[in-house]
Amino acid sequence: MTLDRRIQLFLVLAGLFITSLVVGDIIGVKLFEVHLGPVVAVMSVGMLPFPVTFLLTDILNEFYGKKVARFVTWVGFFMAIFTFVIVTLAGQIPWAPMTEAKDYSGTVAASFNNVFGGSQRILMASMVAYLVAQFLDISVFNLLKRVTNNRMLWLRATGSTVVSQLIDTMVVQFIAWTGVLPQDVIFRIIFTSYAVKLLVAIGLTPLVYLGHALVERKLGIAPVVLGEDGEPVNLSPSGTEPPPAPAA
């Protein structure tokens with residue numbers, strides 16, 4: 001089997017996407033503060049790799065089409081669940097007696113459980129928000145690409161992320177904290193979290209252009225061109241570029 005450049009790039013993008021998603025879930029237990037003027041937002045470091053997933057979704061959408069982007073979204077979702085199952089099983093395995101010794105300097109049960117024994121409610125909120133936001137990102141990206149006649153990359157890249165991140169933030173915060181925190185506190189968390197994500201999304205826009213240029217110019221892979229019906233016109237049903245026509 002020969003892996004052409006399009007398939008090689010797909011494997012790299014999909015691998016980065018899944019890694020960013022899973023790592024975000026694993027490191028999400030650490031909290032940090034973001035100062036927005038007089039407002040102090042407490043956020044999870046798990047949000048650091050998640051904007052990368054939206055960036056990668058846009059690149060997959062741009063060069064492989066919405067069906068491939070949706071496929072990778074589902075693969076990422078099930079890999080996150082698989083990771084959660086493995087971590088849960090690992091937590092159930094009894095610890096070696098030597099780890100209970102006072103002079104033992106390695107990881108102990110309490111430390112392991114604090115890091116990997118996260119709230120199932122927060123995990124559920126994160127997964128629901130992930131699916132809703134990713135599919136919305138893909139839909140908005142393709143809509144903007146179609147109505148702008150495949151132009152204005154900055155608009156579809158930033159616009160789709162701005163909308164999807166808003167929904168992601170609202171869904172995860174409402175599911176995680178309804179009945180636990182007052183409504184005004186939840187709305188404050190949503191506002192501050194989204195403000196940070198919005199700044200990150202705008203900051204990532206140049207990277208979309210950079211990735212677009214590298215893929216198209218250095219690798220020679222053309223972006224998907226959408227027709228008036230919103231369907232690709234330069235991809236075969238298998239998701240690859242059609243072979244060039246034979247010379248006359």
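Here are a few notes on a salt-bridge network and a helix pair in this predicted model.

1. Start with the charges. Searching the whole structure turns up two salt bridges, and E62, K145 and R156 are tied together by them in a network.

2. In one bridge, the side chains of K145 and E62 come together at 3.3 Å, N to O. This pair joins distant parts of the chain, with K145 in helix 5 (residues 120-147), E62 in helix 2 (residues 50-64), and their positions 83 residues apart.

3. R156 and E62 form a salt bridge through their side chains too, at 2.8 Å, N to O. Here R156 sits in helix 6 (residues 153-177) and E62 in helix 2, 94 residues apart.

4. Are these residues buried or exposed? K145 has 1% relative accessibility, so it counts as buried. E62 is buried at 3%, and R156 is buried, also with a value of 3%.

5. Now the helix pair. The axes of helix 1 (residues 5-26) and helix 3 come within 9 Å and cross at roughly 40 degrees, so the two helices are oblique to each other. The crossing is right-handed.

6. On the helix 1 side, the contact residues include F10, A14, F17 and L21; on the helix 3 side they include V72, T73, G76 and A80. The contact residues split into 13 nonpolar, three polar and one charged.

7. T73 deserves a look of its own. This residue of helix 3 (residues 66-92) is buried, with a relative accessible area of 0%. Leaving out residues up to four places away in sequence, T73 touches F17, Y130, L131, Q134, F135 and I138.

Conventions
Residues numbered from 1 in each chain as written. Predicted model: local features only at pLDDT ≥ 70, side-chain atom pairs only at ≥ 80, totals over all residues. Heavy atoms only, no water. Helix = DSSP H or I, 4+ residues; strand = E, 2+ residues; numbered from the N terminus. Buried < 20%, exposed > 50% of the residue type's maximum accessible area, 1.4 Å probe, protein only. Contact = heavy atoms within 4.5 Å. Axes fitted to C-alpha atoms, helices over the stretch in contact; angles between N-to-C directions. Parallel < 35°, antiparallel > 145°, perpendicular 65-115°, else oblique. Left-handed = near helix turned anticlockwise from the far one by under 90°. Nonpolar A, V, L, I, M, F, W, Y, C, P; charged D, E, K, R; others polar. Salt bridge = Lys/Arg side-chain N within 4 Å of Asp/Glu carboxyl O.
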